[in-house]
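Subject: Structure for you to look at

Hello,

I am handing over the structure below. My notes on what was found in it follow.

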Amino acid sequence: MRTTFDAEVDAAYISLAPETASGRSVRNVEVESTGGSVVLDFDAEGVLLGVEVLGATKTLDREFLDAAERIDE
């Protein structure tokens, strides 16, 4: 599992599958939350590939975000 965080856009991505080929995610399901939204990425077989959290600082634990790989630096 790989977790990335981009503070510039306040978004985190939790990858639940090994590095995936571009275009593998074919279906996205968005769930609204108080601080932003959560997007679930699925492949054609219905396998959950990852979770994108928009408004991450309002939705996720600070320690979790501090441990994430920063992609905005």
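T4 stands across from Y13, a residue of β2. Behind that pair is the pairing of β1 with β2, antiparallel and made over five bridges. The two strands form a hairpin, with four residues between them. One residue of the turn, D10, has a positive phi of about 55 degrees. Please keep in mind that this is a predicted model.

Next to T4 in the sequence, T3 also belongs to strand β1, which covers residues 2-6. T3 has 13% relative accessibility and therefore counts as buried, the cut-off being under 20%. Apart from neighbours within four places in sequence, T3 is in contact with Y13, I14, F64, A68 and E69.

On to β2. Four of its five residues are buried, so β2 is largely enclosed by the rest of the structure. Besides β1, with which it pairs over five bridges, β2 pairs with β5, again in the antiparallel sense and over five bridges. Within the β2 and β5 pairing, A11 has L54 of β5 as its bridge partner.

Strand β5 (residues 48-54) is also joined to β4 (residues 37-42), by six bridges, and these two strands run antiparallel. Here V38 is found opposite V53 of β5. With neighbours within four places in sequence left aside, the contacts of V53 are D10, A11, A12, S37, V38, T59 and L60. D10 in that list is the turn residue with the positive phi.

The sheet as a whole is open and has six strands, in the order β3-β4-β5-β2-β1-β6, with mixed pairing. Its edges are β3 (27-32) and β6 (69-70); each has a single partner strand, so one side of each is left without a neighbour in the sheet.

Which residues make up the largest nonpolar core? There are nine: F5, A12, I14, V38, V51, V53, A56, L65 and A68. Both β2 (11-15) and β5 supply at least two residues of this core. V38 and V53, which stand opposite each other, are both members. Two further members, I14 and A68, are among the contacts of T3, while A12, also in the core, is one of the contacts of V53.

Regards

Note on methods. Residues numbered from 1 in each chain as written. Predicted model: local features only at pLDDT ≥ 70, side-chain atom pairs only at ≥ 80, totals over all residues. Heavy atoms only, no water. Pairing = 2+ DSSP bridges. Buried < 20%, exposed > 50% of the residue type's maximum accessible area, 1.4 Å probe, protein only. Contact = heavy atoms within 4.5 Å. Core = buried A, V, L, I, M, F, W, Y, C linked by side-chain atoms within 4.5 Å.
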